[in-house]
Amino acid sequence: MSWELAEEHEAFRQVVRDFAEKELGPHVARWDEEHHFPVEAVQAMGDLGLFGIVFPEEWGGGGGDFASLCVAIEEIGRVDQSMGITLSAGVGLGANPIYRFGTDDQRSRWLPDLVAGRALGAFGLTEPDGGSDAGATRSTARPDGDDWVINGSKAFITNSGTPITSVVTVTARTDDGISAFVVEAGTTGLIVEPPYRKMGWHASDTHGLTLDDCRVPDANRLGELGSGFRNFLTILDDGRVAISALALGCARACLEQSVAYANERQAFGGPIGRFQGVSFALADVAVAVENARNLTYKAAWLKDQGRPIGTAAAMAKLYSTEAAVHATRVATQVFGGAGFIDETPVSRFYRDAKILELGEGTSEIQRIVIARALGLPQD
Amino acid sequence: MNVIVCVKQIPDPAQVGSLDPTDNTLKREGKLILDESDSYGVEMALQLVDTAGGGEVGLVSMAPNDEMSGLRTALAMGAAKAVLVSDAELAGSDALTTAKVLAAAASRLGDIDLIIAGTESSDGYTGTVPEQIAEVLGLPSITFAKSVAIDGGTLRVNRQTEAGYDEVTCPLPAVVSVTAGVVEPRYPSFKGIMAAKSKPVEKVTATDLGVTPVGWAGAGQQIVEVAAAPEREAGEIVEDDGDAHLKIVEFLDKLKVI
């Protein structure tokens, strides 16, 4: 048994860390302030191979494992949560459904650009009237000759309106249940609404979508008719581990910055870290970071072994995201007033963290998944 | 176009280093990393091979304990193969012995068109090894290159000087030392890192290379004393009573910078 990642994982971690600190770090505060989606930074992440890690080489990918993707998301997220979610969603929700459920024709049309980070894909599942209740999808797709005509609304869709967004995969109700369709950016009837005003993730791209008689050919149907809901539940399991890695990056950043600050900041004749009010709180965060790390990479390992990850993914996502929110609260408390102004990264992490407990299944949904696995009676 | 790059693996400069009290040399235990000043040479070599449209980049390195972490980084950037010289006997080697070892190691990598090295390492700073390698191999040497181009069988170099740069040429094969910042080293890609672990690294000893004596036995130098650098003195504070600019001008004048 081993608790260590492979040597290549650690070498890769070091490269992504250097990249994030040097290429993203100097700009993150400005992107956050200006709500700017940095296309060049995304493409630089693409050049590094981050969007292709888990895909086979025949599609331009790196042929790597899921743990490597988690390493990348953790290290990018440690510097910028917005770019971390851009990566996580671009891989897990953009490229992955096409890779997992697409035909070779569909893969060759869309995957190479998504895998290289030249383009981004989005995933339109959530609707204004149904977030956690994804089975209640109201959007519809009706057949018309060789086409499908899609109508409905989607909400909170990451990467759906960037200058390099190439496709949005949307779920819609058909006669057979819920099905999925790939809608290319620019398709008539795909209306990308103005960006949301968000509490955090300012440099991440998020829009509502309206589908107004949006016509796509049957060649754009992804997977069997009626298989959309089942397929996407498996996609979400992977995404939960990825969000757990993102939360781990957030919690680590808060811990590292708080420890540095507690060593520097002088009050009452010495550094504030000598007070147990500070040091005990940081000790607890250190334990939480360690737990989040273990849960995240255990779930990633299970996936790489080809074993079921549903419960492990829910546990990792639930724990790590709540640990991240807690870490941002402690960090802003350690920083005091300085933690409340945007000049300190912990202020940004505080705003960025809350969404981690909501996206890819709320904490409550994770608890339902875990409780179900315990064999408890369901409603 | 086959280019060899000499890469040094050094203790991470971000960590506090320490000296061995018995012989005053830098402790080089544990994980070593690619000397940043060599990453420019690796990048330049990759670009030259790319421009030439064929050939490959080989690496030579001398390091204790079969250490390969820094070599793997250079392989992940795109180098094709490496020779690692690792031998306990090499401890204490001076610059000339290092040059003899690296020259012999380079000769194991087949036909050589060009050997690239950093001007000096970031831990030892002797700054003499590249020229010594050229002497050992009987090749022309150009130092302090800020740009390098290949024109048929000719090496064209802009050589950094205090005043600007000289345009220097010499026939290939040759040895050139490159300055930091000469190109922007690429980040190793994920694929590059994964590919690096299966790239060939030949491990040899000084004896395998036929270089003797080495280490302290072959060194023409010894480190007799190490002294702490003097503490930096506090700067002069100029209070501005309306005439601070004059005091600053006077200060700069005293330094003869204006």
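**Exercise 1. Place Val249(B) in its helix and classify its accessibility.**

Solution. Val249(B) sits in helix α8 (residues 244-254) of chain B. Helices here are DSSP runs of H or I with at least four residues, strands are E runs of at least two, and both are numbered from the N terminus. Next, accessibility. Val249(B) has 45% relative accessibility, so the residue counts as partly exposed. The cut-offs are under 20% for buried and over 50% for exposed, with partly exposed in between (1.4 Å probe, protein chains only).

The model is predicted: local features need pLDDT of at least 70, side-chain atom pairs need 80 or more, and totals for chains, interfaces and linings use all residues. Residues are numbered from 1 along each chain as written, chains are lettered from A and ligands numbered from 1 in written order, and side-chain values use heavy atoms, without hydrogens or water.

**Exercise 2. Find the nonpolar surface patch that contains Val249(B).**

Solution. Val249(B) joins Phe251(B), Leu255(B), Val257(B) and Ile258(B). Together they have about 470 Å² of accessible area (Shrake-Rupley method, 1.4 Å probe; for residues, only the protein chains shown count as cover). Patch residues have over 30% relative accessible area and no salt bridge; nonpolar side chains (Val, Leu, Ile, Met, Phe, Trp, Tyr) are joined within 5 Å, like charges within 9 Å. A salt bridge puts a side-chain nitrogen of Lys or Arg within 4 Å of a carboxyl oxygen of Asp or Glu.

**Exercise 3. Trace the open sheet of chain B and identify its edges.**

Solution. Start with the order: β9-β8-β7-β10-β6-β1-β4-β5-β11, 9 strands with mixed pairing. Pairing takes at least two DSSP bridges between two strands. β9 (165-171) and β11 (201-204) of chain B each have a single partner strand, so one side of each lacks a neighbour in the sheet. The twist averages 30° from one strand to the next. Now look inside the sheet. β1 (residues 3-6) and β6 (residues 114-118) of chain B pair in the parallel sense over 3 bridges. Val5(B) stands opposite Ile116(B) in β6(B).

**Exercise 4. Determine which strands helices α2 and α4 of chain B lie across.**

Solution. Helix α2 (residues 69-77) of chain B lies across β4 (57-62), β5 (81-85) and β11, at about 170° to β4(B). Helix α4 (residues 129-137) of chain B lies across β1, β6, β7 (141-151) and β10 (174-178), at about 180° to β10(B). Axes are lines fitted to C-alpha atoms, for helices over the stretch in contact; angles run from 0 to 180 degrees between N-to-C directions. Contact means heavy atoms within 4.5 Å.
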